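Thanks for coming, everyone. Let me put the sequence and the model on the screen, and then I'll walk you through the fold.

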Amino acid sequence: MTCLALAPAGPSFADTSFSTLLRHLSDTVARRALPRCAPRHVTELRIDVMQPLVEGELEAIHERLYQPGNKLHGLERRPLHDPQFQLHWREADGEWFAYVEDMERRCLAGYTVFNRLVEVDKRTDRRVRSPHSRFAPDYQRRGIASAVYRSVLDKGTCLVSGARQSPGAHGLWNHLARSYDGRYVGIADSKSLIHLGRNVPDDVMDRLSTRRMLLGAGWTVESFAQAVRMQLPG
């Protein structure tokens, strides 16, 4: 399960500059114009190509998890859907880092970063995160990223996509939308959200301000709209 590419993980991975690098990458990706053909009503957000993991990236992060004195050493551990895997959880500057370790093979399967959305106001920021994942090929399509996303959704946090999705991320969001209320939202100039519905026309889908959203446990569209002052149609 590979989503938007993140910054290469070297010795400074997970420092506070990570988010800046990711946003820079997202801006670069957003400038690429990709041709596409769509029906009158589309269900796909702008699809971008997948970026490969940097050689040695996961190995370097795994080493840091067990390196005394490192920022990644001694993180909170959480179980996943399969006892073969364990989640190492880190929070920094309001962003969440979930590192998935294969306990049998003693290696890192991949990681997910739940970024803050700089495009939204503080009221919305408290309730949403934007996930981006990178997993090694052997661990894709095994429900691991889905389990990580569910662990956040089930605690009531809503997920909002980035401006583009990889094919793998698109498939993952479609899968999760079977269990969680999936909507499309727009980000207004005022940094508030605008509810666009379950399906949107092609011209609306093409806007970089249009994003996918999954409502976390306990939320309805109406209660979420009231909490963040999201604009509802009509």
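**Walking through the sheet**

Start at Val160: its bridge partner in E11 is Met213. That is one point on the pairing of strand E7 (residues 158-160) with E11, which is antiparallel and has 2 bridges. A word on names: helices (H or I, at least four residues) and strands (E, at least two) are DSSP runs, numbered from the N terminus. Two strands pair if DSSP finds at least two bridges between them.

Now the ground rules. This is a predicted model, where local features need pLDDT of at least 70, side-chain atom pairs count only at pLDDT 80 or more, and totals for chains, interfaces and linings use all residues. Residues are numbered from 1 along each chain as its sequence is written, and side-chain values use heavy atoms, with hydrogens and water left out.

Next, the overall picture. The chain has 7 helices and 11 strands. It has 234 residues, and 51% of them count as buried. Buried means under 20% relative accessible area, exposed means over 50%, and partly exposed is in between (1.4 Å probe, protein chains only). Contact means heavy atoms within 4.5 Å. Take the contacts between residues at least 6 apart in sequence: 65% of them join residues at least 24 apart.

Which strands make up the open sheet, and in what order? There are 9 strands, in the order E2-E3-E4-E5-E6-E7-E11-E8-E9, and the pairing is mixed. Strand E2 (76-79) and strand E9 (193-197) stand at the edges with a single partner strand each, so one side of each has no neighbour in the sheet. The twist averages 35° from one strand to the next. For angles, axes are lines fitted to C-alpha atoms, for helices over the stretch in contact, and angles run from 0 to 180 degrees between N-to-C directions.

Back to E11. Strand E11 covers residues 210-214, and 5 of the 5 are buried, so the strand is largely enclosed by the rest of the structure. As a general point, side chains in a regular strand alternate between the two faces of the sheet. Here Thr210, Arg212 and Leu214 point one way, Arg211 and Met213 point the other way, and all are buried.

E11 also pairs with E8, antiparallel, over 5 bridges. Val185 stands opposite Arg211 in that pairing. On to E9: 4 bridges join E8 to E9, again antiparallel. Gly186 has Ile194 in E9 as its bridge partner.

Stay on E8 for one residue. Arg183 lies in this strand, residues 182-187. Is Arg183 buried or exposed? Buried, because its relative accessible area is 15%. Its side chain makes a polar contact with the side chain of His195, at 3.4 Å. A polar contact is a pair of N or O atoms within 3.5 Å; within protein, one must be able to donate a hydrogen and the other to accept it, and residues adjacent in sequence count only if both atoms are side-chain atoms. Leaving aside neighbours within four places in sequence, the residues in contact with Arg183 include Arg211, Arg212 and Met213.

Now the helices. In helix H2 (residues 57-65), the buried residues are Glu57, Leu58, Ile61, His62, Arg64 and Leu65. They cover an arc of only 160° around the axis, which puts them on the same side of H2. The arc is that of the directions from the helix axis to the C-beta atoms. The face turned away from the buried side carries the exposed residues Glu59 and Glu63. The buried residues of H2 pack against strand E3 (85-92), strand E4 (95-102), strand E5 (107-115) and strand E6 (128-135).

One residue in E3 deserves a stop: His88. His88 counts as buried because its relative accessibility is 2%. His88 and Leu65 are 23 residues apart in sequence, yet 8.3 Å apart in space, C-alpha to C-alpha. The side chain of His88 makes a polar contact with that of Glu101, at 2.7 Å.

Two more helices. Helix H4 (residues 144-153) is mostly covered, with 8 of its 10 residues buried. In helix H5 (residues 167-176), the buried residues are Gly168, Ala169, His170, Leu172, Trp173 and Leu176. What do the buried residues of H5 pack against? E6, H4, E7 and E11. That brings us back to E11, where Met213 partners Val160.
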